[in-house]
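Here is a quick walk through one protein fold, starting with a pair of helices and working out to the whole chain. Have a look at the structure first.

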Amino acid sequence: MNNNPIYDRRSIRKFLDKAVSIECIEQIIDAGRVAPSAKNRQPWKYVVFGGKSKEELLDHMEKGIIREEVSPELPNSRHGIADAKNTLRIMREAPVIIVILNTNGKSIFDNIDCDERVTEICDSLSIGASVENILLKATEIGLGTLWIANTCFAYSELSNYLNIKCQLAGAIAVGYADEEPLQRPRCDLKEILEYRI
C-alpha cells in the first residue's frame, strides 16, 4: 500500500460483521458533497440503509433480479444477471448500503431529447466525481467499499420502493473489509495517454 487513497482503494467484496458509525457515514458523504459538478448543479442525493431497512431494500432488489430472469426490462443485458445475484449477496453482507440518486435525472426507461441527454451525461459525470470522493474518503478512514451498478436489474422495483421520480444511479456497499485484494490489472499509462502538443 502507498498510504494514498487514490492508489490504495480497492473494490471490497467481503465485509466484517462490524457496524459503521453515523460519524463515518457523514464524513464520507461530506467528501462527496464537495465534488465538482457541471454548472454546480450538484445532482446527487445519497440514501443510507442499514439493518432491517437494508434487508427490505435488498429484498426488493432480489425480486427485481428474479423478475428480470423471466420478464426482462433489459433483454440485451441478461448475461449480467449472474453477476447481479453475486452483487446482491455481497450487499447483504455489507453493514451499510448507500443508494445513489441523480436528482435531475429521469428513469432509464424515459425517452429524452438530445439536450436532456447532454445534461444527463454531465450530471452522471458529476455524480461519478462525487462517488469517487466518497470511495477515497472511505479508504482514508479505514472503510471498504464496492461501487455498484447492478441495481439496474431491479430498476423498477427499487424505484418503486424508494418512491422516487428521479434517476436511480446505483449504490455503494460500505463496511470494514474482510479481505485485502491486490489491485486488478490496469492499462499502462502509454496505452491511455496521447499527446497532441
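## The helix pair

Let's start with α3 (residues 51–70) and α4 (residues 81–93), whose axes come within 11 Å and cross at roughly 170°. Since angles over 145 degrees count as roughly antiparallel, α3 is therefore roughly antiparallel to α4. Keep in mind that this is a predicted model.

Which residues of α3 and α4 meet? On the α3 side they are K54, E55, L58, D59, M61, E62, I65, E68 and E69. Facing them in α4 are I81, A84, K85, L88, M91, R92 and E93. Sorted by class, this contact of α3 with α4 has 9 charged residues and 7 nonpolar ones, with no polar residues.

## The sheet

Now for the strands. There are 4 of them in an open sheet, ordered β1-β2-β4-β3, and the pairing is antiparallel. The edges belong to β1 (44–50) and β3 (144–148); each has a single partner strand, so one side of each is left without a neighbour in the sheet. From one strand to the next, the twist averages 20°.

At the β3 edge, the pairing with β4 (residues 167–175) is antiparallel and runs over 5 bridges. To pick out one residue, L146 has A173 in β4 as its bridge partner.

## Helices on the sheet

How do the helices sit against those strands? Helix α3 turns up again here: besides meeting α4, α3 lies across β1 and β2, running at about 110° to β1.

Helix α2 (residues 22–33) lies across β1, β2 (96–102) and β4. Its direction relative to β1 is about 165°. So β1 and β2 are crossed by α2 and by α3, while β4 is on the list for α2.

## The whole chain

Zooming out, the protein chain has 7 helices and 4 strands. Reading from the N terminus, the order is α-α-β-α-α-β-α-β-α-β-α. With a radius of gyration of 17 Å, close to the 16 Å that the globule rule gives for 197 residues, the chain is as compact as a globular protein of that length.

Along the principal axes, the C-alpha atoms fill a box of roughly 50 × 45 × 30 Å. Buried residues make up 42% of the 197 in the chain. As for contacts with a separation of 6 or more, 84% of them come from residues 24 or more positions apart.

Methods. Residues are numbered from 1 along each chain as its sequence is written. This is a predicted model: local features need pLDDT of at least 70, side-chain atom pairs count only at pLDDT 80 or more; totals for chains, interfaces and linings use all residues. Side-chain values use heavy atoms; hydrogens and water are left out. Two strands pair if DSSP finds at least two bridges between them. Helices (H or I, at least four residues) and strands (E, at least two) are DSSP runs, numbered from the N terminus. Axes are lines fitted to C-alpha atoms, for helices over the stretch in contact, and angles run from 0 to 180 degrees between N-to-C directions. Contact means heavy atoms within 4.5 Å. Angles under 35 degrees count as roughly parallel, over 145 as roughly antiparallel, 65 to 115 as roughly perpendicular and the rest as oblique. Ala, Val, Leu, Ile, Met, Phe, Trp, Tyr, Cys and Pro count as nonpolar, Asp, Glu, Lys and Arg as charged, and the others, Gly among them, as polar. The radius of gyration is taken over C-alpha atoms; the globule rule is 2.2 Å times the number of residues to the power 0.38. Buried means under 20% relative accessible area, exposed over 50%, partly exposed in between (1.4 Å probe, protein chains only).
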